[in-house]
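Me: I have a structure in front of me and would like to learn how to read it step by step. Could you take me through its features, giving the idea behind each one before the case itself?

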Amino acid sequence: MARPKRNLIATGQATSTPPTNLTDGQRLAKVIKATGNNLYSVEFSSGRTGLVELPARFRSTIWIKHGGYVLVDTEALQGRENKLVGEILNIVRDEKEWRKESYWPKEFVKKPSYSEESDDEKSTVGKLPPTEPDEDE
């Protein structure tokens, strides 16, 4: 049976606003790849990587894209003996709002989608292919 729509809307609203401050065990991380079975490989601002688990309330409700950001609780799974580093608490959906917060790591710099230093000569967009001289003449 499908989840009620009110649950989907509530989950979406909960992830749309960033928290005012983070506790000691909470860290922002960048998603490197989905490893399967609701596990994601993430990279923290310190450069350390690890596996995190997606809780049941987010499964089949909100999708995490490659290169997206998540809020991870690193203290949630300390009692377990496994490879998991933490559990995802929140998914960053409105990145602009999250970047305004004081706890956003400086290491997660937004990179421009294009390079201003690119040479126009190397770009062939909108140009015709070079003409070859006729050998018959």
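**Reading charges, strands and contacts**

Reply: A search of the whole structure finds three salt bridges, and please keep in mind throughout that this is a predicted model.

Me: What is the general idea behind such a pair, and which residue forms a salt bridge with R59?

Reply: Side chains of opposite charge can pair when their charged atoms come close. In this structure, R59 is paired with E53, and the closest N and O atoms of the two are 3.5 Å apart.

Me: Is E53 buried or exposed, and why?

Reply: E53 counts as buried because its relative accessible area is 17%, and the cut-off for buried is under 20%. Its partner R59 has a relative accessible area of 26%, so R59 is described as partly exposed.

Me: Which residue forms a salt bridge with E95, and where do the two lie?

Reply: The partner of E95 is R99, with the closest N and O atoms 2.7 Å apart. Both residues belong to helix α2, which covers residues 95–99, and they are four residues apart, about one turn of the helix. R99 is partly exposed at a relative accessible area of 24%, and E95 also counts as partly exposed, with 25% relative accessibility.

Me: Which side chain meets that of K100 in a salt bridge?

Reply: That side chain belongs to E97, and the N to O distance is 3.4 Å. Here E97 is partly exposed, with a relative accessible area of 33%, whereas K100 is exposed because its value is 61%, and exposed means over 50%.

Me: How should I read a charged residue that has no salt bridge, as with D73?

Reply: One can begin with the burial of the residue and then look for the nearest side chain of opposite charge. D73 is buried yet has no salt bridge, and the nearest side chain of opposite charge, that of R27, is 8.4 Å away; for a salt bridge, the nitrogen and the carboxyl oxygen must be within 4 Å.

Me: What does the side chain of D73 reach, and which residues farther along the sequence is D73 in contact with?

Reply: The side chain of D73 reaches the backbone nitrogen of E75 at 3.3 Å. Once neighbours within four places in sequence are left aside, the contacts of D73 are G25, Q26, G86, E87 and L89.

Me: In which strand does D73 lie, and how many residues of that strand are buried?

Reply: D73 is part of strand β4, which covers residues 69–73, and five of the five residues of β4 are buried. A strand can be read by its two faces, and in β4 both are covered, with Y69, L71 and D73 on one side and V70 and V72 on the other, all of them buried.

Me: How do I read the pairing of β4 with other strands?

Reply: For each pair, the points to read are the direction, the number of bridges and the residues that stand opposite each other. Strand β1, residues 26–36, runs antiparallel to β4 and is joined to β4 by five bridges, with R27 standing opposite V72. Strand β5, residues 84–91, also pairs with β4 in the antiparallel sense, over four bridges, and there the bridge partner of L71 is N90.

Me: In which sense do β3 and β5 pair, and what do the strands form together?

Reply: Strand β3, residues 49–53, pairs with β5 in the parallel sense over three bridges, and L84 in β5 is the bridge partner of L51. The five strands form a closed barrel in the order β1-β2-β3-β5-β4, with mixed pairing. Neighbouring strands of this sheet are turned against each other by 55° on average, direction ignored.

Me: How can I set this against the whole chain?

Reply: The order of the elements and the reach of the contacts are useful here. The chain has two helices and five strands, and from the N terminus its elements follow the order α-β-β-β-β-β-α. Of the contacts with a separation of 6 or more, 61% are between residues 24 or more positions apart, while 30% of the 137 residues count as buried.

Me: Which residues does E101 touch beyond those up to four places away in sequence?

Reply: E101, found in the segment after α2, touches P18, P19 and T20. E101 and P19 are 82 residues apart in sequence, yet 8.8 Å apart in space from C-alpha to C-alpha.

Definitions and conventions:
Residues are numbered from 1 along each chain as its sequence is written. This is a predicted model: local features need pLDDT of at least 70, side-chain atom pairs count only at pLDDT 80 or more; totals for chains, interfaces and linings use all residues. Side-chain values use heavy atoms; hydrogens and water are left out. Buried means under 20% relative accessible area, exposed over 50%, partly exposed in between (1.4 Å probe, protein chains only). Lys and Arg count as positive and Asp and Glu as negative; His and the chain ends are not counted. A polar contact is a pair of N or O atoms within 3.5 Å; within protein, one must be able to donate a hydrogen and the other to accept it, and residues adjacent in sequence count only if both atoms are side-chain atoms. Contact means heavy atoms within 4.5 Å. Two strands pair if DSSP finds at least two bridges between them. Axes are lines fitted to C-alpha atoms, for helices over the stretch in contact, and angles run from 0 to 180 degrees between N-to-C directions.
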